[in-house]
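Take a moment to turn the structure around before reading on. We'll go from the overall picture down to single residues.

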Amino acid sequence: AAIRGVVKQVEKSFNNPTRFAEIKHLFNADKVQSDVDFLYVIADMAAAAVQYGRSAEFCKAVLSSDPLTGYATAGKNVFAWLGITPLEDSLQGVKSTKASDYTKGVGARQWYWQTCTEYGYFQTAYSDAASAARSSLITLDYNYQMCSEIFGLNNVVNVEKINRTYYEPLLNSNFATNIFFTNGSTDPWRYLSILQERGNTVNPNLFYMTIDKGSHCSDLSNSQNISVIQAQN
């Protein structure tokens, strides 16, 4: 509810350019030109906090006496921890084809490419606006347009073909062997993996492990980052 309240504040400020500029500055997003791109960045701040094990810090900030400022502060902290800026997280920030623009960060352009061509994991607003943490302006069409603007792709990813080619064979014990699947118990993305909770750990020749209090990719981080994640949990 607090996150929705912040999103509504931002949307309401569209009609007040001065106030909108103040809010963008608060989020260190002055350079993000598109209103919807800015809303996407705001949503990504919350998503990153949850998936990377920083939800307690984020929720405490958003539930403070000033939710908007708390959200912005916690969101900027998450992005700083990831080594990215609001601009670099936005659609606008990944349009560049210069390799020198991607010497740091989390590989956002590569992620967008995989999403547009393979995954189809488009993060949109929930259909019921009363229960949506994201702005209703973040739609499938917005994501499709993103794929078109960045890569010139006008065909929606064929998820059924991808599942048939890459996912379903993993369930076949005669095809896939000796693969170790790890997931973090606090990572929302774990439900898109091979997981006991999903009932798809049917291949006896694969290995599966859910790391208690583990977050997104925490087992792939360096020891310093893992220590930080464990301390926060």
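Let's begin with Tyr 102, a handy place to get your bearings. Leaving aside its neighbours within four places in sequence, this tyrosine is in contact with Gly 93, Val 94, Lys 95, Ser 96 and Arg 109. You'll find Tyr 102 in the loop between α6 (86-89) and α7 (108-119). One of those partners, Val 94, also offers its backbone oxygen, which lies 3.3 Å from a polar atom of the Tyr 102 side chain. Is Tyr 102 buried, exposed or something in between? Its relative accessible area is 26%, so it counts as partly exposed. If you look for Tyr 40, it sits 62 residues away from Tyr 102 in sequence and 20 Å away in space, going from C-alpha to C-alpha.

Now step back to the whole chain. What you're looking at is a predicted model, so a word on confidence comes first. The mean pLDDT of the chain is 93, and 95% of the residues reach 70 or more. Confidence peaks in α2, at 98, and is lowest in helix α10 (residues 223-232), where the mean is 53. Where pLDDT is low, the predicted coordinates shouldn't be read in detail.

As for the layout, the chain has 10 helices and two strands. Follow the sequence and you meet them in the pattern α-α-α-α-α-α-α-α-α-β-β-α. Taken along the principal axes, the C-alpha atoms fill a box of roughly 65 × 45 × 40 Å. How does the radius of gyration fit with a compact globule? For 233 residues such a globule would have a radius of gyration near 17 Å, and the chain, at 19 Å, agrees with that. Of the 233 residues, 36% count as buried. If you take the contacts between residues at least 6 apart in sequence, 63% of them join residues at least 24 apart.

Next, look inside. The largest nonpolar core has 43 residues, and those touching the most other members are Val 10, Phe 27, Phe 38, Phe 58, Tyr 71, Ile 138 and Met 146. At least two residues of this core come from each of α1 (2-12), α2 (17-26), α3 (35-51), α4 (55-62), α5 (67-82), α7 and α8 (140-151). The largest share belongs to α3, with 11 residues. Apart from this core lies another one, made of five residues, including Leu 170, Ala 176, Phe 181 and Leu 206.

Phe 27 is worth zooming in on. It is placed in the loop between α2 and α3, and its relative accessible area is 1%, so it is buried. Beyond its neighbours within four places in sequence, Phe 27 is in contact with Phe 38, Ile 42, Met 45, Leu 68, Tyr 71, Ala 72, Lys 76 and Pro 86. Take Lys 76 from that list: Phe 27 and Lys 76 are 49 residues apart in sequence, while their C-alpha atoms are 6.8 Å apart in space.

Another core member, Met 146, leads us to a different spot. Setting aside neighbours within four places in sequence, Met 146 is in contact with Leu 91, Tyr 112, Cys 116 and Phe 122. Keep an eye on Cys 116. Which cysteine is its partner in a disulfide? That would be Cys 147, with the two sulfur atoms 2.1 Å apart. A disulfide is a covalent bond between the sulfur atoms of two cysteines. Searching the whole structure turns up one disulfide. Cys 116 lies in helix α7 and Cys 147 in helix α8, so the pair ties together parts 31 residues apart in sequence. The torsion about their S-S bond is about -90°, so this disulfide is left-handed. Both Cys 116 and Cys 147 are buried.

Right beside Cys 116 in the sequence numbering is Thr 115, also found in helix α7. At 4% relative accessibility, Thr 115 counts as buried. Not counting residues up to four places away in sequence, Thr 115 touches Gly 120, Tyr 121, Phe 122 and Val 157.

What about Cys 217? The closest cysteine sulfur, in Cys 116, is 19 Å from the sulfur of Cys 217, which is too far for a bond. Cys 217 is partly exposed, with a relative accessible area of 37%. Cys 59 counts as partly exposed too, at 42% relative accessibility.

Technical notes:
Residues are numbered from 1 along each chain as its sequence is written. This is a predicted model: local features need pLDDT of at least 70, side-chain atom pairs count only at pLDDT 80 or more; totals for chains, interfaces and linings use all residues. Side-chain values use heavy atoms; hydrogens and water are left out. Helices (H or I, at least four residues) and strands (E, at least two) are DSSP runs, numbered from the N terminus. Buried means under 20% relative accessible area, exposed over 50%, partly exposed in between (1.4 Å probe, protein chains only). Contact means heavy atoms within 4.5 Å. A polar contact is a pair of N or O atoms within 3.5 Å; within protein, one must be able to donate a hydrogen and the other to accept it, and residues adjacent in sequence count only if both atoms are side-chain atoms. A nonpolar core is a set of buried Ala, Val, Leu, Ile, Met, Phe, Trp, Tyr and Cys residues joined through side-chain atoms within 4.5 Å. A disulfide is a pair of cysteine sulfur atoms within 2.5 Å. pLDDT is the predictor's confidence in each residue, from 0 to 100. The radius of gyration is taken over C-alpha atoms; the globule rule is 2.2 Å times the number of residues to the power 0.38.
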